[in-house]
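This report introduces the structure shown below to a reader who has not met it before. It takes up helix packing, nonpolar cores and strand pairing in turn.

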Amino acid sequence: MRYLPIILNTFIGLLLTGCGTNVALPPSPAEKHSSSSIFKIKKYTNHMPYQDINKKKIQMPRAGEKNAFGILVSKEIELAYDSYLGGDISKALKALDTASKRTKDNLTLWQISFLKAKIYMLLGLDADAQEEIKISAKHEKVHFKHSLNSTALRGEIYLMESEFDKARADFNYILSSIGDWELPTSYGMPPSNMAELVSVTTAQLRAYTGMAASYVLENKYIEAKTWAEESEARFNSVHYVSNHGLYGMFIKSNLDSYYGRAMNMVMLGSAILGATKDYDKADYYYKQASKFFNTINYEKGEIISLSLKAKTLGFIGKFEEANKVALGAIKVANKKKMYDFIWRIETLRGEYLIKENKINEAQIAFRNASNVIDLVSGDLKTDFSKRRFGTGKGDLTYNLMKINIKQKDYSQLFIDVENSRARAFVDIMRNRTIATTNNNQILNEIRNIDKQIKKLVIENTSFSLSGNKSQTQVQHSEEREHLVAKLNDIDPDSKSMVDVSTRKRIIKMIEDIDKKATSVKTITHKLSNLQEQEKLRSKRKALVKRLIKLEPQSASVVSSFAYKIEDIQKKLTDEASIVYFLPVKADEKIKALLITQNSVKLKIFELTQTKLSNIMQQYLVKIGAYDNSLTSQMRSFKKKTKTTEGEVIATVKSPLNALHNLLSLKEIKTSRVYIVGSGATTYIPWGTYNKSIEVSLIPNASWLLNTSKSTNSNGVVIVGNPNYGGELDQLPGTVKEAQALSKLYGIKPLLYKNATIENVKKDVGSGVKVLHLATHGVFYSDKPLDSAIFLSQDSKLYTLSAKDIFKSPIKADLVVLSACETGMGANVAGDDLLGLPRSFFLGGTKAIVSSLWPIDDEGTKEFMTEFHKYAKDGEYEKGLLKAKEHLKAKGYPESVYGAFVLYGTSL
């Protein structure tokens, strides 16, 4: 036995040298996978004793140490780790940028890019995260010959966006690539391919947990249970190896591993509860998850756990219990001012109260959720109808709308829906550059406050880890210094039992003091953080209030606010009314508020959103609106035979008649109608309407209270057939159009090589009465702010995007986009329309004329000439109606005169 220490020391020495063995991994993961293969779970064969959290190993690697992938951690990477976990995101990103400039190692560059993507996810910048993942994948592929971890992270982004099928496709790709491979749990020597071993294991665990989460979030608990159980078994084996006395020296787990396991335990608890109603077993995993979360000081963990438990209880019909658990989650979230959780859980709770027929209590819950969103709109994560814990902002509006309709409270209904649109727009525009306005100083102040609040929110909801700095700060305690001095007086090599016992006792006392001091410091910091948040929010509220009075359109970029319906009615004349379409689900009948000067009525149409979409598709194909389309989106129109739900579209013999039946507004007696669309109704071609009324589309009813001043200019700028440098077909027909209009206004048009962005901006100057652009245009439904019109620059193609116009407005009272599909926009959460029209509006434009589909040159010239006869005198609505009637009388089909729409108003 006396030789045992020598043998052990020799063995440990070998473990820590360069000697090692090559651990078998899946053969060429990237090449093995077939995109059509579906991974089938094989039960995990390794059954290790349960491994609890190892509190001694909860840290990220320090500078000079190697992380789990074998990367030597630099000071910058250590700073990035600490800043990321501590909530100082800007410092983390700056440190990562510095680190990336100081290395050419692909493995290190992959880790830097991977952490950047995770930070963007934390900030809710999903688009930026997606772009960073592409960079991450390139570096990962160079080193590992696969990009499995980057793919797993992309799948997690899809989970956040509720794109569950896309998420599962990524996770399936990873698992199909790895196959039935299992992490070895015994080693004769340290693995020589450690980085590859950790890489495959990490990707596999992320994919299993991601699969479980995707099914839990979709209430598919039986499927979730299988994935979560397998994930837990694999996590347990990883922690068995890292907790092992010998193996743990070369295979380590860091904080991320415990966070991942805790999150999977929440999913497993929910899956068991939802699939088997085994409360005791489910609670076991919820409690284990809480223990892991608490040990790593992840404050969101408890709220996530309670929220998903409430969601699952609601699914199995235990609404009263679900409500109690949800209240517990709200209590914790309120205490920690985690607003993004509060409104979601209140919405979830409201839905359960409705199922218990507690309508009044449900309404209070929904109102609480709405008030919280108003408080934080713009300084938390963007929400494009995302559903976390089963709820999204669209669900909140929809539920409030149902209650309002049931109570026939149409005034409140109007405010709730209008406010939803405003919130959506604030969410979308929160990271956009502010256009130049008369009140830029106020806007910039608000944006700076938003940045400060966002930083404080993240700080207050991160892993509250105490690192070396916290320990250094508490060393000034007199009691601690006294204990340290006593400890130093004892010989550390002393074999005396008294000395050994005394050393242990003193060390324990020092640890207790440090823990207490750190706790006090953390609590003090938290209180200070929350107080600062409240001060900033009060200041923001005052600035927004001031901006709304001065410039409502600019205020709409940074704050959600809704006017009362009475304010809108006062703006209507006897001859004007509003058709305000409400957000409904695809299989529900379309609803609208009919608003006049003296009344508000609810109208329910006979068609559903799905049927309307089908009829419009058939109508557009029938009239040939997409025959000459250059975009894949348009070309695919004729090929569509099924809806997104997979149901065959029922052919309508006369889609135009069906469309007109929908548009039949017998209750409307006014000669002018303003349309506020929702979903499919946003794209109705009102120009085909067989009733002689003036129609214009507005983004929301509050638009009628727009106080944007007229340019007070009689200037007119007309552009035709810019030089596209051979990248697009020239449009000779637009030359005739531009010349005819120039003759009407008595000006010289900008044609060919003169139709440059520089000349347009020069001629527009501080603003003109009319800007007419006869050119090519394009609409991107997935990225509406990239939608554009095309001009010239140095005899080459110049793309003027909606994003560019928002940043640097081109101001005109009336903008005419005589180009294909420029009137299209994308509906996002809250039904706000985003695209070229909205960007011009924010620059001060009062009205925009554009097209919904491609049209022929001669018909366009005829339409525009007639329209401008009235538009030059500011009669935009009348001009559109007269132009339509003129073309109709001349025998033009509705595919020509029906393509044009008017956004905004001449008011």
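## A pair of packed helices

In this predicted model, helix H7 packs against helix H8 through an extended list of residues. Leu148, Thr151, Ala152, Arg154, Gly155, Glu156, Tyr158 and Leu159 are the H7 residues that meet H8. On the H8 side, the partners are Phe164, Lys166, Ala167, Asp170, Phe171, Tyr173, Ile174, Ser177 and Ile178.

H7 covers residues 148-160 and H8 covers residues 164-178. Their axes come within 7 Å and cross at roughly 160 degrees. Because angles over 145 degrees count as roughly antiparallel, H7 is roughly antiparallel to H8. The crossing of H7 past H8 is left-handed.

## Nonpolar cores

The largest nonpolar core holds 124 residues. The members that touch the most other members are Ile119, Ile174, Leu183, Tyr187, Leu197 and Trp227. Helix H9, residues 194-217, gives the most to this core, contributing 15 residues.

Ile174, one of the H8 residues that meet H7, has further partners to consider. With neighbours within four places in sequence left aside, Ile174 contacts Leu148, Thr151, Ala152, Ala203, Gln204 and Ala207.

Another core, of 74 residues, lies apart from the largest one. Its members include Tyr563, Ile590, Tyr619 and Ile693.

## A strand hairpin

Strand S2 (residues 589-595) pairs with strand S3 (residues 600-608) in the antiparallel sense, over 6 bridges. Within this pairing, Leu594 has Lys601 of S3 as its bridge partner. The two strands, S2 and S3, form a hairpin, with 4 residues between them.

Definitions and conventions. Residues are numbered from 1 along each chain as its sequence is written. This is a predicted model: local features need pLDDT of at least 70, side-chain atom pairs count only at pLDDT 80 or more; totals for chains, interfaces and linings use all residues. Side-chain values use heavy atoms; hydrogens and water are left out. A nonpolar core is a set of buried Ala, Val, Leu, Ile, Met, Phe, Trp, Tyr and Cys residues joined through side-chain atoms within 4.5 Å. Buried means under 20% relative accessible area, exposed over 50%, partly exposed in between (1.4 Å probe, protein chains only). Contact means heavy atoms within 4.5 Å. Two strands pair if DSSP finds at least two bridges between them. Axes are lines fitted to C-alpha atoms, for helices over the stretch in contact, and angles run from 0 to 180 degrees between N-to-C directions. Angles under 35 degrees count as roughly parallel, over 145 as roughly antiparallel, 65 to 115 as roughly perpendicular and the rest as oblique. A crossing is left-handed if the near helix is turned anticlockwise from the far one by less than a right angle, and right-handed if clockwise.
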